[in-house]
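Trainee: I'd like a close look at one part of this model, the helix packing, with enough of the surroundings to place it. Could you walk me through it in one go?

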Amino acid sequence: MLSVELTSDCSRCFGLCCVAPAFAKSSDFAIDKPHGEPCPNLGDDFRCGIHDRLRSSGFRGCVVFECYGAGQRIAQDTFGGVSWREAPATRSLMFDAFAVMRPLHELLAYLNEAASWSAAEPVRPELEAKIAEVDAVASQRAQALLEVDIDALRGPAALVLRAASELVRVDAVGRRAAERAPGPDLLGASLRKQNLRGASLRGALLIAADLSGADLRHADLIGADLRDANLAGADLTGALFLTQSQLEAASGDATTGLSPSLRRPDHWN
């Protein structure tokens, strides 16, 4: 298992997610902000001045963003704790390196989760090998990170993650149920109270879908777009690759079932 942090720790970062990415005024962001320019809400202490009211202030995109620990790794390890404010010459390199580190850490988070599943024991050596490979890439110097081919790493890792997912789902619900795949385009679909236990919803477009009361236990939700999906009363206990960001983008309520590792979003009823 991996020892590096795979969740964000803003106290050890330099506000990289508030500076490096560009965002356009939309339903997710209240303003336009170019790449490399600090958000006006970023304080001198690298903390967000409106963190406790981001959603109501029009910055929903910030609420759902997760760097998977890439921010503090870039800040503390790759750049040795010296910020872009202290060393302005590092700005461009630091921001570009963060853009590479973030997907690397997301991949590590998925691999690390899969390696923890007992039913994935047959492919654990492959998962651990991929973890070591990706972590070694992430440990490189900043300039070397810019040469990383993310897709070349993702492809082989995705095959192992898919195999681990299938092992877990077959173990939980049997092969026939595990082979269910409702389809990639479920935009606004009515899936209320559907039995989707152990189903594959990998990369599914579930924007504004009605999943209220649905059984999603052990369903594979890697990369599923749950923006504005209704999860009220749904059971997502043990759902595979479900992230906090996906939950923050959706709506739910006090009866939505979640695994202990996930937190019920504050905006849910």
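What percentage of the 269 residues in the protein chain do the buried residues make up? And once that is settled, how do H3 and H4 pack?

Mentor: Sure. Keep in mind throughout that this is a predicted model. On your opening question, 47% of the 269 residues in the protein chain are buried. The chain has eight helices and zero strands, so in sequence order the pattern is simply α-α-α-α-α-α-α-α.

Overall dimensions next. For 269 residues, a compact globule would have a radius of gyration near 18 Å, and the 19 Å of the protein chain agrees with that. Along the principal axes, the C-alpha atoms fill a box of roughly 55 × 45 × 30 Å. Take the contacts with a separation of 6 or more: 45% of them link residues 24 or more positions apart.

Now the packing itself. Two packed helices are described by the angle between their axes and the distance between those axes, and I'll give you both numbers for each pair.

Start with H3, residues 91–115, and H4, residues 124–138: their axes are 9 Å apart, at an angle of about 160°. An angle over 145 degrees counts as roughly antiparallel, and that is why H3 is described as roughly antiparallel to H4. The crossing of this pair is left-handed. On the H3 side, the contact uses Met101, Leu104, Leu107, Leu108, Leu111, Asn112, Ala114 and Ala115. Facing them from H4 are Arg124, Leu127, Lys130, Ile131, Val134, Asp135, Val137 and Ala138. Sorted by class, the H3–H4 contact comes to twelve nonpolar, one polar and three charged residues.

H4 also packs against H6, residues 150–173, where the axes come within 10 Å and cross at roughly 150°. That angle makes H4 roughly antiparallel to H6, and H4 passes H6 in a left-handed crossing. H4 brings Glu126, Leu127, Lys130, Glu133 and Val137 to this contact, while H6 brings Leu153, Pro156, Ala157, Val160, Leu161 and Ala164. By class, there are eight nonpolar residues, no polar ones and three charged ones in the contact of H4 with H6.

One residue of that H4 set is worth a pause. Glu126 sits in H4 and, with a relative accessible area of 43%, is partly exposed. As a distance check, Glu126 and Leu196 are 70 residues apart in sequence, and their C-alpha atoms are 28 Å apart in space.

Back to H3, which has another partner in H2. The H2 and H3 axes come within 8 Å and cross at roughly 125°. At that angle, H2 is oblique to H3, and H2 passes H3 in a right-handed crossing. The H2 residues involved are Ala70, Gly71, Arg73, Ile74 and Thr78, and they meet Met94, Ala97, Phe98, Met101, Arg102, His105 and Leu108 of H3. That contact divides into seven nonpolar, three polar and two charged residues.

H2 spans residues 70–78, and within it Ala70, Gly71, Gln72, Arg73, Ile74 and Ala75 are buried. The buried residues of H2 pack against H3, H4 and H5, the last being residues 142–145. Just past the helix there's a backbone detail: H2 is followed by Gly80, which has a positive phi near 60°.

Since we're on phi, the background is that most residues other than glycine have a negative value. Two residues in the loop between H7 and H8 are worth looking up on that account. One is Ala208, with a positive phi near 60°, found in the loop between H7 (175–178) and H8 (244–249). The other is Phe241, where phi is positive too, near 65°, and Phe241 lies in the loop between H7 and H8. As for their surroundings, Ala208 counts as partly exposed because its relative accessibility is 43%. Phe241, with a relative accessible area of 0%, is buried.

To pull the packing together: H3 is roughly antiparallel to H4, H4 is roughly antiparallel to H6, and H2 is oblique to H3. As for handedness, H3 with H4 is left-handed, H4 with H6 is left-handed, and H2 with H3 is right-handed.

Terms used: Residues numbered from 1 in each chain as written. Predicted model: local features only at pLDDT ≥ 70, side-chain atom pairs only at ≥ 80, totals over all residues. Heavy atoms only, no water. Axes fitted to C-alpha atoms, helices over the stretch in contact; angles between N-to-C directions. Helix = DSSP H or I, 4+ residues; strand = E, 2+ residues; numbered from the N terminus. Parallel < 35°, antiparallel > 145°, perpendicular 65-115°, else oblique. Left-handed = near helix turned anticlockwise from the far one by under 90°. Contact = heavy atoms within 4.5 Å. Nonpolar A, V, L, I, M, F, W, Y, C, P; charged D, E, K, R; others polar. Rg over C-alpha atoms; globule rule 2.2 N^0.38 Å. Buried < 20%, exposed > 50% of the residue type's maximum accessible area, 1.4 Å probe, protein only.
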